[in-house]
Amino acid sequence: MTNTDWPLWEVFVRSRRGLSHTHAGSLHAPDAELALRNARDLYTRRGEGVSIWVVPSSAITASSPDEKDPFFEPAADKPYRHPTFYEIPDGVQHL
Amino acid sequence: MTTTALPTAAALALGDDALVLSHRLGEWAGHAPVLEEEVALANIALDLLGQARVLLSTVGDEDELAYLREERAFRNLQLVEQPNGDFAHTIARQLYFSTYQHLLYARLAGGDGPFAGLAAKAVKEVAYHRDHAEQWTLRLGDGTELSHERMRRACDALWRFTGEMFRPVEGLDVDSEALERDWLESIGEVLRRATLSVPEGPRSGAWTAGAGREGLHTEPFGRMLAEMQHLHRSHPGASW
């Protein structure tokens, strides 16, 4: 494969109605229209999806590994934030 | 789906179109300009292979038909057997053929003839093939000076193979003239948007191609068949 100057896109696929879009991977494409089509060919060819989003990777602002402790550590010891004190009714699927 | 009643000549013609183009597109595996496009072309090839299997199975044993027929027994259009060339050639061939196939299958799917069931399933696949070819035609035609020139050359080179698509096929109940009108209109529109002009060369008559449906094929087809068939012929009945 030759190297291309095409930008990188992040692909999000919704696998079923009612579920949210989930990050599936990334790909190269010259523009958004073709990114969507490439995503269809790469990530939904085995019937994985009902909807696709593509986002330019450059548009994503990510947290940095250096900020890991201040970002995430404080949440570890606060069990009262977890909804673990409720009984889950039968038949609830997507929780 | 009742498949036993399919007219043999028409099923062979459509089945061979799909089989041969599928093999040509498969030749891009490992060679496509980018990984993403390689998968796209392989997906299209697999769609076509699926259509070929259904169609050829109604005529006889699909393996025998694909791997043991001689060149003269194939009934595909000469357009689909043309070599891949550069990417623009492949896209021009896709544009010409998938537009034809989409218009044809949409008509067959809307009718109540023997191909209606098969066409109804295939028409969705083919709609995507057509979209893929149109998207790339627009980008190559209206791209750089080089891509425009290559796309123009490809459209010109394959133009003389396009008249054959609209010759009547025995057992295929469609209005060829209306089909051709729609095809010309659609191709003209796509080429115009791609800043390309409709090629001026002839599409029918002595200086054009068009005997693939009678079993007369172009020189590159023999070599393609040799590659496609040699494994089966070397190891008859082999399977995995």
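How are helix 5 of chain B and helix 7 of chain B oriented to each other? Keep that question in mind while we look around this model, which is a predicted one.

Let us begin with chain B as a whole. Its secondary structure consists of nine helices and zero strands, so if you follow chain B along its sequence you read the pattern α-α-α-α-α-α-α-α-α. The C-alpha atoms of chain B fill a box of roughly 50 × 40 × 35 Å along the principal axes. You can also compare chain B with a simple expectation: a compact globule with 240 residues would have a radius of gyration near 18 Å, and the 17 Å of chain B agrees with that. Of the 240 residues in chain B, 43% are buried. Contacts also tell us how the chain folds back on itself. Take the contacts in chain B between residues at least 6 apart in sequence: 78% of them join residues at least 24 apart.

Now to the opening question. Two packed helices are described by the angle between their axes and the distance between those axes. For helix 5 (residues 87-110) and helix 7 (residues 145-159) of chain B, the axes come within 8 Å and cross at roughly 50°. Angles from 65 to 115 degrees would count as roughly perpendicular and angles under 35 as roughly parallel, and therefore helix 5 and helix 7 of chain B are oblique to each other. The crossing of these two helices of chain B is right-handed.

Which residues of helix 5 and helix 7 of chain B meet? Helix 5 brings B:Ala88, B:His89, B:Ala92, B:Arg93 and B:Tyr96, while helix 7 brings B:Arg150, B:Met151, B:Ala154, B:Cys155, B:Ala157 and B:Leu158. Sorted by class, this contact has eight nonpolar residues, one polar residue and two charged residues.

One member of this group deserves a second look. B:Arg93 lies in helix 5 of chain B. Is B:Arg93 buried or exposed? It has 26 C-beta neighbours inside 10 Å, and because a residue with 20 or more counts as buried, B:Arg93 is classed as buried. Leaving aside residues up to four places away in sequence, B:Arg93 touches B:Leu79, B:Gln82 and B:Leu158. B:Arg93 and B:Leu79 are 14 residues apart in sequence, and their C-alpha atoms are 7.0 Å apart in space.

Another pair of helices in chain B gives us a new arrangement. Helix 2 (residues 35-59) and helix 6 (residues 116-141) of chain B pack at an angle of about 155°, with axes 11 Å apart. That angle makes helix 2 of chain B roughly antiparallel to helix 6 of chain B. Their crossing is left-handed. The contact is made by B:Ala40, B:Ile44, B:Asp47, B:Gln51 and B:Val54 from helix 2, together with B:Leu118, B:Ala122, B:Glu125, B:His129 and B:His132 from helix 6. By class, these are five nonpolar, three polar and two charged residues.

Helix 2 of chain B also leads us to chain A. Where the two chains touch, 14 residues of chain A are in contact with ten residues of chain B. On the chain A side, strand 2 (22-28) and helix 1 (32-43) are the elements that give two or more residues. The largest share, six residues, comes from helix 1 of chain A. By class, the side of chain A that touches chain B has six nonpolar, four polar and four charged residues.

Helix 1 of chain A and helix 2 of chain B have axes that come within 9 Å and cross at roughly 65°. These two helices are therefore roughly perpendicular to each other, and their crossing is left-handed. Here A:Asn38, A:Asp41 and A:Leu42 of helix 1 meet B:Glu36, B:Val39, B:Ala40 and B:Asn43 of helix 2. The residues of this contact divide into three nonpolar, two polar and two charged. Notice B:Ala40: it is listed in this contact with chain A and also in the contact of helix 2 with helix 6 of chain B.

Let us finish at B:Thr195, in the loop between helix 8 (176-193) and helix 9 (219-234) of chain B. Phi of B:Thr195 is near 60°, a positive value in a residue other than glycine. With 13 C-beta neighbours inside 10 Å, B:Thr195 counts as partly exposed.

Methods
Residues numbered from 1 in each chain as written. Chains lettered and ligands numbered in written order. Predicted model: local features only at pLDDT ≥ 70, side-chain atom pairs only at ≥ 80, totals over all residues. Contact = placed C-beta atoms within 7 Å. Helix = DSSP H or I, 4+ residues; strand = E, 2+ residues; numbered from the N terminus. Nonpolar A, V, L, I, M, F, W, Y, C, P; charged D, E, K, R; others polar. Axes fitted to C-alpha atoms, helices over the stretch in contact; angles between N-to-C directions. Parallel < 35°, antiparallel > 145°, perpendicular 65-115°, else oblique. Left-handed = near helix turned anticlockwise from the far one by under 90°. Rg over C-alpha atoms; globule rule 2.2 N^0.38 Å. Buried ≥ 20, exposed ≤ 12 C-beta atoms within 10 Å, placed from the backbone.
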